[in-house]
Amino acid sequence: MKWGVVRFPGSLDDGDSLYAIAEVMGQDARMLWHKDESLGGVECVLLPGGFSYGDYLRTGAIARFSPIMKSVAKFAADGGLVIGICNGFQILCEAHLLPGALTRNRSLSFICERVWLRVENASTPFTRAAKQGDLLRLPIKHGEGLYVAPEDEIRQMEERGQVILRYVDANGRENDDANPNGSMRAIAGVANQRFNVFGLMPHPEHAVEAMLGGVDGLKIFQSIAGSAR
Amino acid sequence: MSERPVSLPGEPKVDLEQARAHGLAPDEYRKIEQIIGRTPTYTELGVFSVMWSEHCSYKSSRRHLRKLPSKSELVVQGPGENAGAIDVGDGWAAVFKIESHNHPSFVEPYQGAATGVGGILRDIFTMGARPVASMNSLKFGSFEHPRTRYLLGGVVGGIGGYGNCVGVPTVAGEVMFDAAYNANILVNAFCLGLVRKGEMMSAKARGPGNPVLYVGSATGRDGIHGASMASAEFDKQSEAKRPAVQVGDPFTEKLLIEACLEAGKTGAIVAIQDMGAAGLTSSSSEMPSHGGLGIELDLDKVPLREAGLTPYEILLSESQERMLIVAERGREAELQAVFEKWDLHAVVIGQLTDDQRWRIRWRGQVVADIPIGALADDAPLYDRPAAAPKIQPPARPSAAGKHPETAKALRALLDSPNIASKKWVYRQYDSIVQSNTVLGPGSDAAVLRIKNSRRAIALKVDSNPRACALDPYLGAVGTVCEAARNVACAGARPVGITNCLNYGNPERPEVMWQFIRGVEGLRDASLAFGAPVVSGNVSFYNETEGHSIPPTPTIAVLGVMADVAKHVTQFFKDPGDAIVLVRTARPSIAASEYAAIFGIDGGRLGAIDLAREAALIEGLVEGAEQGLIRSAHDVAEGGLAVALAEACFNPRSILGAEVELGRAGNADAFFFGEGASTVILSIAPGDAARVESLFAGRGLEFAVIGRVIADPRLRIAAADNLGLDEDVAELRQVYEDAIPRRLRGGD
C-alpha cells in the first residue's frame, strides 16, 4: 500500500509515523507537504500528531484551511482511507470529516502515559487485524483529548459502530480512573459513517517496537495495510 | 572612516550615575570611557552594561573555569562554542549543554521556564545538531511555602508547554523541595542533539563582506535587560521585573529548528548564533570577534513587532526565537528560500568588516561604534576574594538521636516529595516523541537509542546542594560521582559532562570560596572518570536580601553504550535472583533526606576515594556488557531501605525482596544513610562468583544480601528488632501519592 504522511509546519510525530510505516512495517510511505495540493497517488493519508500551525487558537482550527486539507477532504469523499492521530484527529474533527470535537483534558494539563484501549469495532479497515474486545496498550500525549459530541449523536454513533476505541482499565473494563482525559463515554477513537476516516488520540506509531515499550500499534497499521483496494 | 556616534533626542544623559543604574561599577564605567576614548552614547552604555554583566561575561568565574578538564580523544568540540560535543560512535557527535533560567522563572514561572527550554534548544541546533533529548533540574522552596505550588505548576507547565510543542522529548530530570530555595528557585534546562561528525556548524564568523542575516521572530520590547536581571540579587521589588522576562513562541521555535537544520545542509552558512541573552548585541559582536573581524549593522532593516523601538531597545531586546546568520556572500537567496518555505523572516541587516569595529547605524546615523573585542572578549575579569566561612559543621552527628521505627521511617521517606515519585511532573512532558526513548523519566538514567545503529546514549542530571552546603568541594565531587554512577547503572560508560553552577553573590568571599571549591571538585571528579567538561553555564546572584541558596552545581553526564540491547533498568526482574550490594565507602546520614526529615544534624561528609568510584563505574559497565546484571539501582536519597523498595516497584509486575542485614551497627546510617556510592544489583544466582570478581576484584565491598521474591513484600531482617516486613503495594501507594496528595491539599 502507498501511504502519505502530511507534514504541517508544526507536526511533531510526522517522522515517527513515517518511520513506523516505512522502516518498521516496510511499506511504501512518503511525506506530503501542507502547502501542496497533490496527494501523489497515495492510498492512505495519515495526519500526524503535533501542533499543526501552533494551535494557539484552537487545535486544528487553522490546519483545516491548508491547501493539502482541500485534497484530503476530496480524497475522503471519494472513499480514500484517512487516519488522524492526536492532532490529526483534532484536525479531522475541525474539518468536519469526523463527528465531535476534542477539548482540554479534564485535568487541564498535558498527559503523557501508556493507557489501555478496548477495540469496540474490529470490522473497520483500521481495526480488522484485531478482534472485537481486544485490549491495546498505546501511549497518549496530549493536552486536548477530551472527546465531546451531542449525547444524541454519540448514541447514534455507538449504534452504527463508529466508536472504535475506548479507554478502559487493564482488565478491559470502563471506569472513570481509566479515562485519562475525561472523554465522554471514554471515547478514544471514532470513524465516520462510511468507515474510511478514522481519528484517535492514542499514538499507534509510538507502539511498534518492543524495545520502546510495546507493539500493539502495529495492529492498526497492519489493518490498514490489509485494506488496500 | 570613523563617524562619531550620535546621541538621540530625548535620551538620558550618560554619566557615572547612569552607569551605576545600569549595573556597571565606577571602575568599569571609567574603563569604557578609556576604551572608546569619549563618553559613550546611551545606546553604547546599554550595550556595555549587558555584555559586561556577569551573565554574559563570566567576569567572576572565567579564570576558575579554565581549571576544568575539557579534552579527551572523544571531544569533538570543547568550551567556546554554543555547546560542547562528544563523539558517540558510528559517525555521530552528541552536542549538549545545560543552562540556568533561574531569575526569570522566579519572577514569571511559566514563561521563565518555557524560554529556558527554548534558549537551550537553540544553543544545540545552532551547532547543526537535531535536538533529540531534553532534561531539567528544578529546585523549589519547601512544599509548605505559599508560593511553591504556584511556582511548581508554572515551571512544569512552561517546560511542557514549550518542550511538547517542539517535538523534543523530555527524558529525565530531578526535582527538589527545600526551604533554602524559598526565595530563589532554580530552573536548569539541558538539551542534547545529534549531528554527523563532519556537519557541525560554528559561531565563528569569517570572510569580510559576508552578509549578516536576521532570521526568526520579529523584535519586540520583551526581555530588555534580562541578562542584567540575572546578574543581580533579588529584593522586595523583584516582582516588578516581570517585563524583563521574555515570552516564548514554541511554534516559531519548531519552524526555526527545521529551517536552520535545512539551511545548514545548503552549505551556505558560515556562522550562526542564537540571539540569546543580550540578543542582537551579543550575537552580532561575538561571532565576528571570535573570527577576528568587525561588523556593520543597519537597524532599520531589523523586523520589528511595533514601530517606535529605539536603537537601545532593538539592540537589547531578548525577544525569543531569533538567530543571526553569517552567509557565504552571494548565497543569501538560497538561505532565504529555505526560511521562506518555513514562513520565517530572513533579512540581510549588515555585513562583516575587517576593521574589528562593532558599528551600528540607525536612520542614517551611527549610534554605536565600539572596538568589537571590548564587547565580546575583553570584559573585565575579576579575581574576587574567597574565604571559607568561619563556622564549620560539627564533625559528628549532634546526637545519636532516637531511632524511629524502621518501617515508619521508610514510609516517611517514601512520602517525602524529594524521594517520592515525580510522575505528577513528568507525566506532563512528552517523553517519547522521535521514537528513541528506551528508558524515560522515572529511571536512574534515561536511555536513548541511536537509529540505524546498535549504540545508545544514557543521560542523567544530578545535584546535591545539602552535601555542597556542608562541603562545597566534596559535594561537587559526590554530585559528579552520582550522575556518572547512574549512567553506569544503565550500562553506559560516562564520556562527557556539562554543568550549571548555581551560586549566590560572588562579591561575597564565602560564596566565591564555595564556587571555587565546587569547580575544583568538578575538575577532580571529571579527571577521575576521564569524562571532560565540554560545556556549561554559571548562574550567580541566586540570592535574596542577603540570603544565598546553598551551593548548587548541577551536573549532567552523558554515557555511551555499544549495544542498546544490553541496557539495564533499576527494577528487580525475577524471583530467585540474588540481591547484591556493592559500595565504595560506609554510608552516613550527613546531608541525607533522613537527617532533614527527622531534624538530625548529620555531621560532616565522609571522604570520597575517586579511584574506587571509577572502579565501581568500570565494574557496572563491564557487568552490563557481559549481560551479568539484571537490574542496577543507585542508592540515593533515602538510603538503602528506600532503594530496595524502589527496586521492587517494577511497573510490569510488582515484586518483593528478602534481605538479611545482620548487625546494623549505626542503624540510621545503615538503613537510610547516603553518600557512600552504593549500588543494589540483582543477578542470576549462578553468576554471583563472576559478578563478585567484577567488584571485589577491584577492591570494592561486595555482599550478597538477599533475594528477589514473588511475594510482594519487602522483608529486611536485622538484629535488635530493627528490621521490617512491609507490603510493597502499600509502599508504592505512599511513594506515588505523596506529591498528588499534597497538591490536592489533603494531608
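Which strands of chain A does helix α2 (residues 67–77) lie across? I began my notes with this point, keeping in mind that the model is a predicted one.

**Entry 1: the sheet of chain A**

I found that helix α2 of chain A lies across β1 (2–7), β2, β3 (44–47), β4 (81–85) and β11 (197–200), and that the helix runs at about 130 degrees to β4(A). I then traced the sheet in chain A, an open one of nine strands in the order β2-β1-β3-β4-β11-β10-β9-β6-β7, and noted that its pairing is mixed. At its edges I found β2 (28–33) and β7 (135–142) of chain A, each of which pairs on one side only. From one strand to the next I noted a twist that averages 25 degrees. I also looked up one pair within the sheet, β6 (residues 111–119) and β9 (residues 163–168) of chain A, which run antiparallel and are joined over four bridges. Within that pair, I saw A:Val119 standing opposite A:Leu165, a residue of β9(A).

**Entry 2: where chain A touches chain B**

I next turned to the interface, where 19 residues of chain A are in contact with 21 residues of chain B. On the side of chain A that touches chain B, I found that α1 (14–24), β6 and β7 of chain A each supply at least two residues. Among the contributors, β6(A) gives the most to that side, with three residues. Sorting the side of chain A that touches chain B by class, I noted ten nonpolar, five polar and four charged residues.

**Entry 3: the sheet of chain B**

In chain B I traced an open sheet of seven strands with mixed pairing, in the order β23-β25-β22-β26-β24-β27-β28. Its edge strands are β23 and β28 (724–727) of chain B, and I noted that each pairs on one side only. Neighbouring strands of this sheet are turned against each other by 20 degrees on average, with direction ignored. I found helix α18 (residues 472–489) of chain B packed on this sheet, where the helix touches β23 and β25 (678–683) of chain B and its direction makes about 170 degrees with that of β23(B). For β22 (residues 578–583) and β26 (residues 701–709) of chain B, I recorded an antiparallel pairing over six bridges, and I noted B:Glu701 in β26(B) as the bridge partner of B:Arg583.

**Entry 4: B:Leu628**

I looked up B:Leu628, which I found in the loop of chain B between α21 (610–625) and β23 (631–634). Is B:Leu628 buried, exposed or partly exposed? I entered B:Leu628 as partly exposed, because 18 other C-beta atoms lie within 10 Å, whereas a buried residue would need 20 or more. Leaving aside neighbours within four places in sequence, I listed the contacts of B:Leu628 as B:Gly623, B:Ile683, B:Asp687, B:Arg690 and B:Val691. I also noted that B:Leu628 and B:Gly686 stand 58 residues apart in sequence, while their C-alpha atoms are 10.0 Å apart in space.

**Entry 5: helix α11 of chain B**

Last I examined helix α11 (residues 279–290) of chain B, whose twelve residues reach 17 Å from the first C-alpha to the last, close to the 16 Å expected at 1.5 Å a residue. How many of the residues of α11(B) are buried? I counted twelve of its twelve residues as buried, among them B:Glu286, B:Met287 and B:His290. Just after α11(B), I noted that B:Gly292 takes a positive phi of about 70 degrees.

Methods
Residues are numbered from 1 along each chain as its sequence is written. Chains are lettered from A and ligands numbered from 1 in the order in which they are written. This is a predicted model: local features need pLDDT of at least 70, side-chain atom pairs count only at pLDDT 80 or more; totals for chains, interfaces and linings use all residues. Two residues are in contact if their C-beta atoms, placed from the backbone, lie within 7 Å. Two strands pair if DSSP finds at least two bridges between them. Axes are lines fitted to C-alpha atoms, for helices over the stretch in contact, and angles run from 0 to 180 degrees between N-to-C directions. The expected span of a helix is 1.5 Å times one less than its number of residues. Ala, Val, Leu, Ile, Met, Phe, Trp, Tyr, Cys and Pro count as nonpolar, Asp, Glu, Lys and Arg as charged, and the others, Gly among them, as polar.
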